[in-house]
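Q: Could you take me through one part of this model up close, in plain terms? I'd like to see how it is put together before I go back to the bench.

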Amino acid sequence: MKITQQTSENTLTLTLDGELDASSSVLLDTELSQPDILNNKKVLIDCQRLNYISSAGLGVFISHLQRFQDAGVKLAFFNMQEKVHNVFEILGLDSLMTIVPSEAEAVAL
Amino acid sequence: MPQTQPLKSLALPLALVSWVALLLTTLLRANPTLLAVQLPAWLTLLAQGVFVGSVFLHQRYQPDPLRGTDFVGVLRRLIMGPGLLASICVGLHLLERLLQFQLGIADRTLFAIIYTLNLGLFVLFLAHTCYTWRSLVLFRASPTVHKQWAWFEVLLGSTLLLRLVNLQLPLLAAGIILGALGVFGAYLSSHQRWVAYLNRRQKWEVILLQLGVLLALGVFTIYFLRIRHDPQLVAPQPQHAFLLLTVFFAAFYALMGLLVTLFNLPTAGVFEQKREEIMTMQRLTQQIQRGQSEVEIYTSFFDAARQTVNAEAAWLRINSLEGEPYSRLEVVTEAQSLAMEGLLKDYNISGIEYLNNDLPSSSGFRALDLPFGSLLVLPLRSAKHTYGDLYLLRQTRQGFDRESLSMLQTFASQTILSIENLRLLQDSIQNERYKEELKIASSVQESLIPKTLPTDNWFEISSHALAAKEVGGDFYDFLHLPGKGLAILIGDVSGKGITAAFHMAQMKGIFHALMQENPLAKDEKERFPLPSKFMAMANRALVHCLERSSFITATLYIVEYESGGFVFARAGHCHTLYYHSLKEEVAFFRSAGLGLGIIRNETYDKYIKNQFYDYNPGDVMVIYTDGIVEARNAEQEEYGEERLRQMLEKTYYLQADEIKEAILEDLGEFSYGQPIHDDQTLLVIKFKTAQPGTHP
């Protein structure tokens, strides 16, 4: 799992590369736990290279969801692969989190 | 050697008898008036020769006086035993002689007795000295030296015989023989290997003891030389030659030993340091086995290294000690150490072994203005890991040598070995703990899954549950609802191990608590909670015990036999696969529904829906967890919903058991050789035509 960051105009984009399982979800949690992340207006997650997400990985997003909402930070996913999207959908997270097809749409949010 | 046995046991009595004979003949010679005939000189010589020979022989067969490497003890026993005794006697005799001279009394008989007594004691002392020297000469000596010593003994003995027969050799020949024997003795005296084993204090002690031996020998020599020309002397001349030769050897060896020890004194410190290094090494090694903490190991290493090279100042910088950096400073300040580290970094020589024995000549170190002349940097490194660096400082230039560097390297590798051993040990303890935890978790999981399946005439149920190595959180349960039907719950708790097992148990508790008949129910519908209601209540209950990143997916089905229908609600769990016998169609119930514990307020109710369905005989319901559809093959592809759907299409007409087996077989073929990542649970329910009169 590789996580790269990119910041522009109050927007933080995290690119996830690889499999988000129990061990790599710790890395993601560290990234999302940083206090200054709440200074952004939007946190966008690029899922183009995210091949797999485990329940531990989902748990990381779930645990930060409320915190982001309270701080008024929008969380959005884009470029999500079919099977990863399926996992979000089965769990019902698609009704709770913003998942858009492309980066352009994510930026436009 | 058996043939030496009689000689051995004869030596002591022979010595006694011959000494008495010697005394008698001397007395007779002193008082010639007692006997008519003049006793021949050879008789005295014979008695004396036999006495000396048997004393030496007796001493020869005594056990080696040297025990282990107790050199000081050997010398002390020599001085305190025969040495002291003989010297006192000689001293007394000299005193008596002095008195006699002063008073003018000359009693030849008393003189003869004391002389013979002294001679006996002196021979005893000489024998002791010779054989003490022998054991010192032969200490770790080569077989050649052993042979040479034997020759020396034979030669020394033969001079004794030579004197016995009173053979008058020409002066030159006698001189050559005695000189050659003296040289041989001197050569043997050069074997002083034992001196190297003494420490400084022992060397001083040995020097004093050897001085004592020399003093005793000196006293004897003076005595015998003086007495040689004494008019009262009754002993024949030749015996002195043998005695003097032996004295010469004994004294020479003692003198050589004294000098060797004396010249070895300055090196005693070096030997002691080497020994100290070995001892430190041993201590370090022992500390590994005691299962100490890393800090303790580093501390021992630090102290050992400092002591070994006599460093005036030192510091140790460890990058990661159980996650934390660790450093230890001695004499230097943090600022000084950081300045030096910075300098080394600038020179691009940090993290490698570095020895600078002339700091003041380097401008960088001169600029720091530190009172040190030598610096040694030793990295603590293994093939995989860099632990840190040790810095040692000495005030003098040329403070460190290659020798101590190699010793320190050994220390360092020993330390790394200890640290790695310790970490391995801790890991294995941790692993053991995990294993234990997993054992508990899997036994909890085992106990939570129902052992017996509900049997009924309305449907068939077949179940399969396989736990992955790391216990996950799949669970299912059944509950008979009196007068209504059957409740089936399937779920998956996020997380693994004992926490997952704990949440499973909670979920099971919630299921059994909420699926109770409501005694206040006004109508049939309210007797048991609807699945959506159940999920909402379960969500509310779980909020208090699930941690923020955990959630549970579940589906609850309530099957009603009377109406031939079922109602279910899906809380984020895998879609149910269904075969519709009338439409002859296999499809997933694709309904919305959010996992439990994701939303922790009342809005959760909005995300959960009931779905009603009327079933027909022959319908098949396949309930499973994500471990089934996410099982992978060698190409890392997932088994997937579609493949599962196709399997049911092929097998819907079989019995529930057979359908389950077919699916598992296909799954096994698909993921052949791959480890099971997640728990796999599969329930197959097949509805049958109701058989009247047999339903509960």
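Are H9(B) and H12(B) roughly parallel or roughly antiparallel to each other?

A: Happy to help. This is a predicted model, in which local features need pLDDT of at least 70 and side-chain atom pairs count only at pLDDT 80 or more, while totals for chains, interfaces and linings use all residues. Residues are numbered from 1 along each chain as its sequence is written, chains are lettered from A and ligands numbered from 1 in the order in which they are written, and side-chain values use heavy atoms, leaving out hydrogens and water.

Now to your helices. Helix H9 (residues 294–309) and helix H12 (residues 402–448), both of chain B, have axes that come within 10 Å and cross at roughly 175°. Axes here are lines fitted to C-alpha atoms, for helices over the stretch in contact, with angles from 0 to 180 degrees between N-to-C directions. H9(B) and H12(B) are therefore roughly antiparallel, a label for angles over 145 degrees. Helices are DSSP runs (H or I, at least four residues), as strands are (E, at least two), numbered from the N terminus.

On the H9(B) side, the contact (heavy atoms within 4.5 Å) includes Ile297(B), Tyr298(B), Phe301(B) and Ala305(B). H12(B) contributes, among others, Met407(B), Leu408(B), Phe411(B), Ile419(B) and Arg423(B). By class, this contact has twelve nonpolar, five polar and two charged residues. Ala, Val, Leu, Ile, Met, Phe, Trp, Tyr, Cys and Pro count as nonpolar, Asp, Glu, Lys and Arg as charged, and the others, Gly among them, as polar.

For the setting, chain B holds 17 helices and 15 strands. Of its 696 residues, 49% are buried, meaning under 20% relative accessible area with a 1.4 Å probe, protein chains only. Among contacts in chain B with a separation of 6 or more, 73% join residues 24 or more positions apart.

Gln680(B) is one residue to look at in the same chain: Gln680(B) lies in strand E15 (residues 680–687) of chain B and counts as buried at 8% relative accessibility. Leaving aside residues up to four places away in sequence, the neighbours that Gln680(B) touches include His464(B), Asp474(B), Thr625(B) and Leu667(B).

Finally, a word on cysteines. Cys130(B) is buried at 4% relative accessibility, and Cys47(A) is buried too, with a relative accessible area of 1%. Counting a disulfide as a pair of cysteine sulfur atoms within 2.5 Å, the total over all chains is zero.

Notes:
Buried < 20%, exposed > 50% of the residue type's maximum accessible area, 1.4 Å probe, protein only. Parallel < 35°, antiparallel > 145°, perpendicular 65-115°, else oblique.
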